[in-house]
Amino acid sequence: MPAAESQEQSPPAQAAGPEEVQAAVVEVLRTVYDPEIPVNIYEMGLVYNIDVDQGGKVLVRMTLTSPGCPVAGSLVPEIEGKTRQVPGVTDAVVELVWDPPWDPSMMSEAAKLQLGMF
């Protein structure tokens, strides 16, 4: 048997499924901060939903602490850009929603602790 035929070939790597992509997107969102708040947007409770379809398109539904938030214009493109860099993501769209309105009860316990809100 020729040497080339005797080498076993490993199976091709499986593409990340929607659950794996979603988990990776959550980790990326934990690196995004409102410059005025020292807690990431995910722990702040600003991210309401992350949908990942089979083709790798990601839709992030989120809100801001207020409709007049001055970082709205820069935060959305930052999130879309970072999300597009996640392996398995083919496109990313951020949809800002205002219902339900954000309030401090949506923050994680870690965020409340970090901000001294007991």
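These are my notebook entries on what I looked up in this predicted model.

**Entry 1: the overall layout**

I started with the whole chain. Its secondary structure comes to four helices and three strands. Reading along the sequence, I noted the pattern α-α-β-β-α-β-α. I then checked burial. Of the 118 residues in the protein chain, 36% are buried. I also looked at how far contacts reach along the sequence. Taking contacts between residues at least 6 apart, I found that 61% join residues at least 24 apart.

**Entry 2: the sheet**

Next I went to the strands. In what order do the three strands lie in the sheet? The order is β1-β2-β3, the sheet is open, and the pairing is mixed. The edges belong to β1 and β3, each of which pairs on one side only. From one strand to the next, the twist averages 15 degrees.

I took the two pairings in turn. β1 and β2 run antiparallel and share five bridges. Within this pairing, Val47 has Met62 in β2 as its bridge partner. β2 and β3 pair in the parallel sense, over six bridges. Here Met62 stands opposite Leu96 in β3. I then followed the chain from β2 through α3 to β3, and this β-α-β crossover is right-handed.

**Entry 3: helices against the sheet**

I looked at how two of the helices sit on the strands. α2 lies across β1 and β2. Its direction is at about 145 degrees to β1. α3 also packs on the sheet, where it touches β2 and β3. The direction of α3 makes about 150 degrees with that of β3.

**Entry 4: the nonpolar core**

I turned to the largest nonpolar core, which holds 30 residues. Which members touch the most other members? They are Ile41 and Met62. I listed the elements that each supply at least two core residues: α2 (18-29), β1 (47-52), β2 (57-62), α3 (72-84) and β3 (91-96). The largest share, five residues, comes from α2.

I followed Ile41 further. Setting aside residues up to four places away in sequence, Ile41 touches Leu29, Val32, Asp34, Leu46, Val47, Met62, Leu75 and Ile79. Met62 is on that list, and Met62 is also the bridge partner of Val47.

**Entry 5: Asn40 and Glu43**

I moved to the loop between α2 and β1, where I found Asn40. Is Asn40 buried or exposed? Asn40 counts as buried because its relative accessible area is 9%, and the cut-off is under 20%. The Asn40 side chain reaches the backbone nitrogen of Glu43 at 2.8 Å. Beyond residues up to four places away in sequence, Asn40 touches Leu29, Arg30, Val32 and Tyr33.

Glu43 lies in the loop between α2 and β1 too. With a relative accessible area of 18%, Glu43 is buried. What joins the side chains of Glu43 and Ser108? A polar contact of 2.5 Å does. Leaving out residues up to four places away, I found Glu43 touching Arg30, Met107, Ser108, Ala110 and Ala111. Arg30 also appears among the contacts of Asn40.

**Entry 6: α3 against β3**

I finished with two residues of α3. Glu80 sits in this helix. At 17% relative accessible area, Glu80 is buried. Where does the Glu80 side chain reach? It reaches the backbone nitrogen of Val94, at 3.0 Å. Not counting residues up to four places away in sequence, Glu80 touches Ala92, Val93 and Val94. I also noted the spacing to Asp91. Glu80 and Asp91 are 11 residues apart in sequence, and their C-alpha atoms are 8.3 Å apart.

Val76 is in helix α3 as well. Val76 is buried, with a relative accessible area of 16%. Apart from neighbours within four places in sequence, Val76 is in contact with Val94 and Leu96. Val94 is thus listed for Glu80 and for Val76. Leu96 is the residue that stands opposite Met62. One last spacing: Val76 and Val93 are 17 residues apart in sequence and 8.6 Å apart in space, C-alpha to C-alpha.

Methods: Residues numbered from 1 in each chain as written. Predicted model: local features only at pLDDT ≥ 70, side-chain atom pairs only at ≥ 80, totals over all residues. Heavy atoms only, no water. Core = buried A, V, L, I, M, F, W, Y, C linked by side-chain atoms within 4.5 Å. Buried < 20%, exposed > 50% of the residue type's maximum accessible area, 1.4 Å probe, protein only. Contact = heavy atoms within 4.5 Å. Pairing = 2+ DSSP bridges. Right-handed = clockwise from strand over helix to strand, strands pointing away. Polar contact = N/O pair within 3.5 Å; in protein donor to acceptor, adjacent residues only side chain to side chain. Axes fitted to C-alpha atoms, helices over the stretch in contact; angles between N-to-C directions.
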